[in-house]
Amino acid sequence: MFDIRKYRQAATAAEAVRLLVEDPAARCLAGGTDVLVRLRELHPGYDNLVDIHNVAELKPIVLLPDGTLRIGAGATFTDIMESPVVRECAPLLVEAAASVAGPQIRNVGTIGGNLCNGAVSADTAAPVLALNARLRLLGPGGERCLPAAEFHTGPGKVALHPGEVLLSVDIPKDDRQGWGGQYVKYAMREAMDIATIGCAAAVRLRDGRMEDVRLAFAVAAPTPVRCPAAEAAARGRSPDEAAFLAVRKAVVEDVKPRTSWRATAEFRLHIIRTLAGRVLAEAARRAEGARA
Ligand SMILES: Cc1cc2nc3c(=O)[nH]c(=O)nc-3n(C[C@H](O)[C@H](O)[C@H](O)COP(=O)(O)OP(=O)(O)OC[C@H]3O[C@@H](n4cnc5c(N)ncnc54)[C@H](O)[C@@H]3O)c2cc1C
């Protein structure tokens with residue numbers, strides 16, 4: 001069914017790195033929901049695989065002693081949805097995971113594959129930006145940590161060096177505790193559809209004002225993006241209609257939507273402006289109940 005030319009299974013992340021270094025043409029296979037589709041469609045570069053699906057160290061979702069939420073790259077969307085610690089610490093990631101495809105894909109597709117695949121429509125990409133996550137990578141030179149904002153470098157491109165494996169998505173305590181957040185996926189159908197636009201927001205309140213604001217979009221530009229102009233328009237203001245109107249105006253500076261068969265650039269911009277105000281308002285409402 002699949003024309004796999006070379007297949008090796010890694011037992012650990014370090015072994016996966018070694019196999020990728022030995023054979024630079026090889027590629028990781030996690031859940032396979034992107035890789036195997038491309039392989040079947042005969043895209044070049046998908047028939048030489050290092051399987052990391054069973055690497056146990058990539059799977060745990062844990063709260064570290066310093067309060068960092070660590071989500072293993074091999075955690076599936078279902079693992080994320082069912083994790084009490086993610087539900088408690090980063091509910092917008094649960095919303096993102098729940099918006100992906102159907103149960104079969106969610107049971108095998110991983111957060112690591114979703115990010116490393118580099119798709120601008122990846123449902124976890126905008127939440128990871130809004131949470132200011134750090135991506136922990138293991139390569140031949142050892143471990144390094146990259147801000148999520150530096151990971152997507154172009155359409156379908158990410159900042160993985162040759163031989164590198166994503167170990168985990170880390171969300172430090174200060175970037176999640178005391179924040180309210182939301183993820184909304186706008187798609188043309190209610191079920192089993194890729195995002196036309198994905199929007200994630202996180203807000204921290206102090207004395208009734210939006211002390212800090214993060215807004216991020218998927219499919220609003222060639223890569224998933226944070227929105228510095230819209231964030232600046234909201235920062236320091238009360239979460240009221242005037243502030244959200246300013247956000248809707250400013251966000252135009254942050255995005256560069258394109259026309260595709262799914263939607264025109266004009267329609268996407270309309271959705272972006274609508275969601276920017278709406279999702280930020282809900283994040284601010286949720287921040288009211290959040291304790292720092
Ligand atoms: C029917 C269908 C519906 C879908 N719907 C959605 C949707 O609604 N939203 C959405 O966002 N996506 C969707 N997808 C895409 C896909 O399911 C996701 O992107 C998924 O998260 C990919 O994860 P995976 O574990 O299957 O990755 P794989 O296919 O195994 O790998 C994807 C890429 O990431 C690399 N990779 C994987 N893990 C690592 C790692 N730890 N370190 C380094 N590189 C790694 C692989 O080498 C490969 O290049 C859909 C796919 C299908 C088939």
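In this predicted model, helices H10 and H11 cross each other in a right-handed manner. Two packed helices are described by the angle between their axes and the distance between the axes. For H10 (residues 241-250) and H11 (residues 265-287), the angle is about 145° and the axes lie 8 Å apart. The contact can be followed residue by residue: H10 contributes Phe-244, Leu-245, Val-247 and Arg-248, while H11 contributes Arg-273, Ala-276, Gly-277, Leu-280 and Ala-281. Sorted by character, the residues of this contact comprise six nonpolar, one polar and two charged.

A wider view takes in the whole protein chain. The domain assignment gives domain 1 (6-46), domain 2 (58-174) and domain 3 (180-287). Between the centres of domain 1 and domain 3, taken over C-alpha atoms, the separation is 35 Å.

The surroundings of the ligand come next. Around the ligand there are 29 residues, and those that come nearest are Ala-30, Gly-31, Gly-109, Gly-113 and Asn-114. Strand E2 (27-29), helix H2 (35-40), helix H7 (111-116) and strand E10 (165-171) each give two or more residues to this shell. Helix H7 supplies the largest share, with four residues. As for the domains, at least three residues of the shell are drawn from domain 1 (6-46), and at least three from domain 2 (58-174). In chemical terms, the shell around the ligand consists of 16 nonpolar, ten polar and three charged residues.

Definitions and conventions:
Residues are numbered from 1 along each chain as its sequence is written. This is a predicted model: local features need pLDDT of at least 70, side-chain atom pairs count only at pLDDT 80 or more; totals for chains, interfaces and linings use all residues. Axes are lines fitted to C-alpha atoms, for helices over the stretch in contact, and angles run from 0 to 180 degrees between N-to-C directions. A crossing is left-handed if the near helix is turned anticlockwise from the far one by less than a right angle, and right-handed if clockwise. Two residues are in contact if their C-beta atoms, placed from the backbone, lie within 7 Å. Ala, Val, Leu, Ile, Met, Phe, Trp, Tyr, Cys and Pro count as nonpolar, Asp, Glu, Lys and Arg as charged, and the others, Gly among them, as polar. Domain bounds come from an automatic or database domain assignment. A residue is near a molecule or strand if its C-beta atom, placed from the backbone, lies within 6 Å of it.
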